[in-house]
Structures are given as structure tokens and as C-alpha cells.
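Colleague: Could you take a close look at one part of this model for me and talk me through how it sits among its neighbours? I'm new to this, so keep it simple.

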Amino acid sequence: MQKRIETMSYDFQMKGYGEQTWVNCTYNVAPMFYAAKPGQGIHVIEGMAGERAVKVLLEIRNYMVENKSAMEALNPENGWGSYHDTVNRVLDRLITISQDYPEGIWEIS
């Protein structure tokens with residue numbers, strides 16, 4: 001089992017499905033998530049089954065792609081996290097996991 005280091009980040013994982021469903025991303029990109037889902041951000045998928053989360057994650061991803069310039073303007077000044085990484089690594093991976101485990105339930109810590 002991979003040892004996780006306590007950081008200022010989101011840890012996403014499907015409850016009971018192991019490390020293959022774990023995704024990590026910095027809190028520094030939270031403004032992008034909140035722009036895409038005001039009031040909830042990425043926490044909107046917490047407790048949601050993968051099958052349902054796919055639609056929500058695609059909405060977030062599509063919003064970010066359609067508003068690329070605005071999202072890039074939210075890139076953290078300290079360089080920890082980026083629009084590109086958030087869309088192409090984090091969201092794409094969350095979508096794939098949701099598709100692969102449609103009955104899995106997302107946990108975020």
C-alpha cells in the first residue's frame with residue numbers, strides 16, 4: 001500500500017475499492033472547482049456513485065475547457081497546481097474511475 005503524506009490537498013477515493021481509485025490534487029486549484037460548481041466545488045461528488053458522478057464531472061470539465069482563459073487566470077501563483085493538470089490529470093482520471101466503478105461511492109478527504 002502506498003504511504004500518503006499529509007498535505008494541503010484533496011484525496012479522492014472510491015470507498016472500498018482500494019488504491020487504484022485514489023486521486024490527489026492540491027487545494028490550490030479549488031477556485032477553479034468553485035467557478036465550475038459555485039457553492040460546492042468538487043465536493044459536489046462526495047458520497048455520489050460513480051455512475052452519477054460521471055455526468056457532474058463532465059459538466060465541471062466542460063465548463064473548465066469552455067472557460068480556459070478564465071481558469072488559467074486562476075492558476076496558483078506558487079506553481080502548485082495548474083489548469084492543465086486539473087483538467088488533464090485530475091478530472092480525466094476521476095471521470096475514468098467513475099466509469100470503471102459505476103457503483104463505487106466517492107469519498108473526499
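Modeller: Sure, and let's begin with a definition: the expected span of a helix is 1.5 Å times one less than its number of residues. Keep in mind that this is a predicted model. Now take helix H2 (50-66). H2 has 17 residues, and from its first C-alpha to its last it reaches 24 Å, close to the 24 Å expected.

Next, look at which of its residues are hidden. Gly50, Ala53, Val54, Val56, Leu57, Ile60, Arg61 and Met64 are buried in H2. It helps to know that an α-helix has 3.6 residues a turn, so residues three or four places apart point the same way. As for what they face, the buried residues of H2 pack against S1, H1, helix H3 (68-72), H4 and S3.

That leads us to the core. The largest nonpolar core has 29 residues, and Ile60 and Met64 are among those with the most contacts inside it. H2 is one of the elements that supply at least two residues of this core, while the largest share, seven residues, comes from H4. Ile45 is another residue with many contacts there. Beyond its close sequence neighbours, Ile45 touches Ala53, Val56 and Leu57, and also Phe12, Trp106 and Ile108.

Finally, S1 and S3 belong to an open sheet of three strands, in the order S2-S1-S3 with antiparallel pairing. S2 and S3 are at the edges with a single partner strand each, so one side of each has no neighbour in the sheet. S1 and S3 pair over three bridges, and Met14 has Trp106 in S3 as its bridge partner. H4 packs on this sheet too, touching S1, S2 and S3.

Terms used. Residues are numbered from 1 along each chain as its sequence is written. This is a predicted model: local features need pLDDT of at least 70, side-chain atom pairs count only at pLDDT 80 or more; totals for chains, interfaces and linings use all residues. Side-chain values use heavy atoms; hydrogens and water are left out. A nonpolar core is a set of buried Ala, Val, Leu, Ile, Met, Phe, Trp, Tyr and Cys residues joined through side-chain atoms within 4.5 Å. Buried means under 20% relative accessible area, exposed over 50%, partly exposed in between (1.4 Å probe, protein chains only). Helices (H or I, at least four residues) and strands (E, at least two) are DSSP runs, numbered from the N terminus. Contact means heavy atoms within 4.5 Å. Two strands pair if DSSP finds at least two bridges between them. Axes are lines fitted to C-alpha atoms, for helices over the stretch in contact, and angles run from 0 to 180 degrees between N-to-C directions.
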